[in-house]
Structures are given as C-alpha cells and as structure tokens.
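Me: I'd like to go through this one with you and ask how each label is earned. Can you put it up so we can both look?

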Amino acid sequence: MAADVRIQALVLLLSMLFVAGNEGKVECQTSAETEEAGKFLRLECPYRSLMLDHCYMCHSSSQEAMMICDGWNENDIQHACEGPRLIFHQTAGTYLSKDDWKRYGDPEEDNFSILDELESLRGSDGKFLFKIVWPELPPPNYNVWKQRNNPVDATVGGVVEYEAVEIHFTDQAWGGLEHNTGAGSLLDGSVDLFFFYYAVGSSLPFNNGIPGPYYSNPGFQKVELYVLSQVSQVALWTQVGTSNSRCETTGDDPHDITSQVACQLEAESAGSTWYSFSNDSLACYHSTTCSNPITGTTNSWRRFQKPGLRDMDCGTKGDSLWTTANWGTQLVICPSGCISGQVWGTGPFSGDSSICRAAIFQGVIAPGGGVVSLTWMPGQSSYPGGTQNGVTTSSFGSWSTSFKIGDLDL
C-alpha cells in the first residue's frame, strides 16, 4: 500500500507536468520496471529531480504507464542516475550566508547548491557517499568518504560514522564534513577544530579565496561537492513548525533509525500521518496519534507531515476553509482533546460547525484526533440535531454552506 501510494503520487505529479507538452511522443525506452497494484510502471530515472527535468509520461495502454526521458539514450540515463551527482560548487568572489548556501543558483552557473536536498540522497546503508573536489589541483584532487550524519541539517559540529574510501588529503584534522558552528562557512572538514578548512559554502573569504585541504595563499578558487551513492525515490514529507518539534503521542517511543527516509517509510507503513526525526541522534518517532509537539530539550527534533494534509484546531469551523478554489474534498488533521465546539446537524453539518467535533460525532475519529476527509456540499434548509459517540449536536435552520465528514484509508 505505502509503495503504491508513493508510485501513484509520482505518476500523478509527472503526468500533470509533462504529458501536456509531449502528447505526440510514443517512443519509450525502459531501464527499470516495478509492478504495483497490477499495473507495470517503468521508471527511467531514479532521481526525482532528474525526472522533473528530463522525463514525461506516456501511456501505451490502460494497464501500462511509462515514464520516459526525452532525448536521452540508455547510457545517458544510467550515467545520470547512477553516476556522481553534483550538489554544490562555489567560485571564489561569491560569499553567501549559511542559509543562502543551502539552495542557490543553477548547475551551469559559477555558484550552485541544492544542499537542502541532501537528506533524500542517502545510500541503501543509510549513509552518504561524498566526493569533494578542488578542480585547480592536479589529479588526484579529491577525497571520497562515507558518513552517516547530515551536516546541513545538523545543529552541532562533528561527524558520525566516518568511513574513508579514497582519501588524498588529511591535513588540518580532516574527518568528513561537519556543520560549522562559526561564521566562516556552512560546512567544513576540520572536524572538531575552530578552523574551516575543506569549506563547503564559505561565507567569508580566506586569502582572497576559499579554504581548501591545506593552507594556501591565495586561497582556493573553486570547490565542488558530489554525492556518489544512488538515492532513494522517496519524496520527503513537509516539515511543520520549527526545530524543537517532536511528536507528542502514546504507544510509540523514539528508536534508532538509519535515516529520515527510513523513518518516513516506517511511518507510512504504520499508517501514520506525522513523524519526528532527530538528525543529530538519528532517532525516529511516529504514531497514528502523533499530534502536538513536545518542546524543551528536544531542539534537534523536526516534525514532518504527509503532503496534502492541513492542520486544524478544535475550534476550526468549516466556513473558515471554504473558498471557490477548494470546493470539493479536503484532507484535514484534527488534534487530540476536542471536547468542546458547537456543531449543527447530524450530517451534513452547517458550514459554521466545528469540523473536529463533527468528526467525533460521526465516529470517524476518536477524541484522540486523526485524519478526516471533509467534502463541501450546498447549503441545507435545516439541520436537525442528535447525540452519538458522546457528542450532542444542535438543530438549526437554513445555512449557505454544508460539509460532510468521512474517514480516509491512508
């Protein structure tokens, strides 16, 4: 079910983006196949961003959908999907803030970064396989290594489970890439030292250049960072709130995990609509009743929400969500503890009724909260009240809008 949902979501996204402009193209080369819910889906490019850049959908029959990369042959596809993926390069003379370096420019420009996508680029072992290059040096001009922690999302320095693969530079306490806690750069490779040699995302010039693998005057003029491992096809859910946000729930305790991707897959498999992940401790927390954040000493935790869902509070009324643009069905998440809130009708409900209390009345969710499908309907001439599931609703006359409540099989 979970894998099918992911595949269907990706198919829908790509079909919306690309089919319209490529209706006449029917030549479909394939390099990978998977079968989900009785339908074969042929996936050309494992990388989601490459799909969005180069691929479109075509349908050869009602039972088969093909994702194809226009203008690419199989060698092109294999190289792009399995070869080194450039995620960052900087040219001396441009120095940005640490936040700006997380996403900047295009690959063809002198300065480029998609470091904010790093979490989705882990290998199957849960680690990153990095290659850092200084193009102006003669070969071999790079280091290749693995590490488990994501230094971009980290809040402290240090490297977790560093594993040397092909190392040519070790000066200045090289030990992988860590989050730089100073002002010099976003990342550095002088692990647990004040210096920011091996800088990735320099915010300050160093001898009119970039700090590289050793002291140099002038500083290095360019640095590149690649991820070599094949990435997951999982699109990460949306972060909600700030850091310092762990799910508050019962029946589920934080446990060790290899990556955020693995945590999300667990959450999806369990039917959860939320999960929390700590990048610093590589811990996972998810449950079908996950709702409010815990604050305090949990500042390394972040909370993520399944796409397409919308947060409610206990007092949110249907009319507050209604616009002509969203007429139809919406998915909302009710928190726990909705013991009050006025409701008129027994279904459909008047538009000024509390959504979450109506859902409890309907028996779709318990007072502990959950996901609700809300569908808009025309206004009714009357709304008779009733009592069930511990909720009493009131009677009312005509109202301009109505909604009905349903559960959702996630």
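Reply: Let's begin with a definition: a disulfide is a pair of cysteine sulfur atoms within 2.5 Å. Keep in mind that this is a predicted model. A search of the whole structure turns up three disulfides.

Me: What makes Cys-263 and Cys-284 a disulfide?

Reply: Their sulfur atoms sit 2.0 Å apart, and the cut-off is within 2.5 Å, so the pair passes. The link of Cys-263 and Cys-284 is right-handed, with 75 degrees about the S-S bond.

Me: Why can you say that this pair ties parts of the chain together?

Reply: Look at where the two ends are. Cys-263 belongs to helix α4 (residues 260–269) and Cys-284 to strand β18 (residues 283–286), so the bond ties together parts that are 21 residues apart in sequence.

Me: How do you know whether Cys-263 is buried or exposed?

Reply: Buried means under 20% relative accessible area. Cys-263 has 0% relative accessibility, so it counts as buried. Cys-284 also has a relative accessible area of 0%, so Cys-284 is buried too.

Me: What makes Cys-314 and Cys-338 a disulfide?

Reply: Same kind of check: the sulfur atoms of Cys-314 and Cys-338 are 2.1 Å apart, and the limit is within 2.5 Å. The link of Cys-314 and Cys-338 is left-handed, with -85 degrees about the S-S bond. This pair links distant parts of the chain, 24 residues apart: Cys-314 is in the loop between β21 (309–311) and β22 (329–334), and Cys-338 is in the loop between β22 and β23 (349–350). Both Cys-314 and Cys-338 are buried.

Me: And how do you know that Cys-334 is joined to Cys-356?

Reply: Their S to S distance is 2.2 Å, so with a cut-off of within 2.5 Å the pair counts as a disulfide. Cys-334 lies in strand β22 and Cys-356 in helix α5 (residues 355–362), so the pair ties together parts 22 residues apart in sequence. The link of Cys-334 and Cys-356 is left-handed, at -95 degrees about the S-S bond.

Me: Why is Cys-334 called buried at 3%?

Reply: The bar is under 20%, so 3% relative accessibility makes Cys-334 buried. Cys-356 has 0%, so Cys-356 is buried as well.

Me: Now the surface. Why is Glu-108 called exposed?

Reply: Exposed means over 50%. Glu-108 has 71% relative accessibility, so it counts as exposed. You'll find Glu-108 in the loop between β5 (85–91) and β6 (112–113).

Me: Which residues form the negative surface patch?

Reply: Asp-106, Glu-108, Glu-109 and Asp-110. Asp and Glu count as negative, so "negative" fits this patch.

Terms used
Residues numbered from 1 in each chain as written. Predicted model: local features only at pLDDT ≥ 70, side-chain atom pairs only at ≥ 80, totals over all residues. Heavy atoms only, no water. Helix = DSSP H or I, 4+ residues; strand = E, 2+ residues; numbered from the N terminus. Buried < 20%, exposed > 50% of the residue type's maximum accessible area, 1.4 Å probe, protein only. Patch = residues over 30% accessible without salt bridge, like charges linked within 9 Å, V, L, I, M, F, W, Y side chains within 5 Å. Areas by Shrake-Rupley, 256 points an atom, 1.4 Å probe, with all protein chains shown as cover. Salt bridge = Lys/Arg side-chain N within 4 Å of Asp/Glu carboxyl O. Charge placed at Lys NZ, Arg CZ, Asp CG, Glu CD.
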